[in-house]
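Please find below some notes on the backbone geometry of the model under review. They are set out as numbered points.

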Amino acid sequence: MTEMADYPQTRRQPSDPTPAVVPTHHPSPRDVSFSIQTRMDSGLGRTGVIHTPHGQIQTPAFIPVATQASVKAVAPEQMSAIGAQALLGNAYHLYLQPGAELVDRAGGLGQFMNWSGPTFTDSGGFQVMSLGSGFKKVIDMSGPHAPDGTGSDDDTAAGKNRLAHVDDDGVWFTSHLDGSKHRFSPEISMNIQHQLGADIMFAFDELTTLHNSRRYQETSLERTRLWAQRCLDHHAGLTAHRSDRPYQALFGVIQGAQYEDLRRKACQDLSAMQAEFVTDHGTDRAGFDGYGIGGALEKKNLGTIVSWCAQELPEDKPRHLLGISEPDDLLWAIESGADTFDCVSPTRVARTGAFYTDYGRINLPRAQFKDDFAPLQPGCDCYTCAHYSRAYLRHLIKAKELLVHTLISIHNERFVIRLVETIRTSMIEGTYPELKEQVLGRYYSAEASDPPGASARFSVTP
Ligand SMILES: [Zn+2]
């Protein structure tokens with residue numbers, strides 16, 4: 001672990017355009033570090049701390065998503081109260097609206113949305129290549145891959161046109177907002193992410209699907225490798241150029257789909273990459289500050305793929321798994337060596353009227369909750385469960401009152417954050433195997449019935 005720079009942490013008014021943080025030295029990769037605290041007796045899991053200029057993240061940690069500089073329906077103070085340690089914004093969305101330059105002028109993503117803790121942004125690659133063309137539906141991600149690796153390389157979902165075009169230099173895509181044409185490249189993604197100012201950024205990579213042929217996966221992986229070096233080089237230049245800003249860490253993204261050799265090669269290639277950074281002492285060669293494990297994963301392979309990566313990647317760098325929040329996925333990812341995760345599910349699920357419990361996910365609009373005065377999850381320590389009943393929240397849904405989105409989102413985010421906190425504690429105390437058995441036994445039990453103290457029966461959504 002390296003010594004941290006002394007950055008002021010005071011909360012500022014959103015209208016103040018001056019930078020929140022004035023470093024007293026060149027920003028350097030040494031300003032962000034990862035220290036491991038404990039390791040699992042068996043498996044690759046570990047607990048640790050990521051140190052950033054805006055505070056620490058105790059890992060493993062769930063990072064709630066604030067796609068458009070807002071966790072949908074939940075204020076930053078509420079996110080802080082339920083234990084969120086960092087928030088993740090999206091470069092694609094923020095580039096289109098309100099524009100990265102405006103966020104930069106506001107003092108960066110955290111300042112703009114009144115969040116004083118650490119922030120992440122993803123590169124926009126996933127959205128440019130899927131969303132930019134229709135919310136994950138244009139590139140068809142839904143079906144099984146061809147087992148012999150001879151899938152199609154131009155799958156589009158029924159009724160959709162492919163609106164993103166990938167070439168070796170970058171991607172042309174069409175805005176989902178107004179149909180305007182835009183270009184993303186590794187350099188453009190780095191420019192945008194530096195303007196957004198998050199503590200942790202991700203390299204621009206190509207999204208592939210499980211349908212793509214083995215040959216295409218190889219071509220794409222090489223393209224992603226070249227883009228990763230361009231991201232790292234451009235990031236080093238921007239870091240020197242924007243020396244009045246705190247250091248922003250850059251994570252390389254590991255692709256390679258379900259192929260062990262490709263995943264391992266990607267890890268080796270990205271681990272070896274370096275760029276030259278200007279520091280207080282001259283120049284320093286440094287590589288990625290951490291790694292994101294990306295790409296379409298089949299649920300059954302998730303732990304295995306994370307394990308391959310954890311075996312290859314440097315031990316002293318954090319690893320982020322993009323897009324998971326289901327309890328079984330979290331357990332497999334953590335014991336396989338992933339440190340942080342993000343997912344939109346807690347708030348997305350809440351907006352459909354569903355809530356998480358230890359005994360599975362439940363749909364609140366069901367008639368049996370009409371006069372159920374128990375909290376969503378008896379024993380839950382969140383604000384919603386401390387003050388509101390299922391009957392009241394169900395009434396809000398029926399009356400179309402917007403408050404219900406806030407209240408259920410608070411509970412769902414807290415549920416996932418608390419689960420990861422509990423897993424972390426069990427790793428430190430050496431009781432992880434027992435906890436895992438208990439969590440999986442309850443959440444996925446076919447006979448799941450009432451959580452303790454509940455007054456009505458419910459059914460678990462598969
Ligand atoms: Zn709760």
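1. Where is the place of Pro98? In this predicted model, Pro98 is located in the loop between helix H2 (91–96) and helix H3 (100–105). The peptide bond that joins Gln97 to Pro98 is cis, and its omega is about 10 degrees.

2. A cis peptide bond is also found from Thr59 to Pro60, where omega is near 0 degrees. Pro60 belongs to the loop between strand E3 (55–59) and strand E4 (61–64). The authors may wish to show this loop, with Pro60, in a figure.

3. Ala69 deserves separate mention: this residue is not a glycine, yet its phi is positive, at about 65 degrees. Ala69 sits in the loop that runs between E4 and helix H1 (76–81). Is Ala69 buried or exposed? The residue has 23 C-beta neighbours inside 10 Å; because the cut-off for a buried residue is 20 or more, Ala69 counts as buried.

4. Asn114, likewise not a glycine, has a positive phi of about 65 degrees. Its place is in the loop between helix H4 (109–112) and strand E6 (119–122). How many other C-beta atoms lie within 10 Å of Asn114? There are 14. A residue is exposed at 12 or fewer and buried at 20 or more, so Asn114, with its 14, is partly exposed.

5. In summary, the text should report the cis bonds from Thr59 to Pro60 and between Gln97 and Pro98. It should also report the positive phi of Ala69 and that of Asn114, together with the buried state of Ala69 and the partly exposed state of Asn114.

How values were computed
Residues are numbered from 1 along each chain as its sequence is written. This is a predicted model: local features need pLDDT of at least 70, side-chain atom pairs count only at pLDDT 80 or more; totals for chains, interfaces and linings use all residues. Helices (H or I, at least four residues) and strands (E, at least two) are DSSP runs, numbered from the N terminus.
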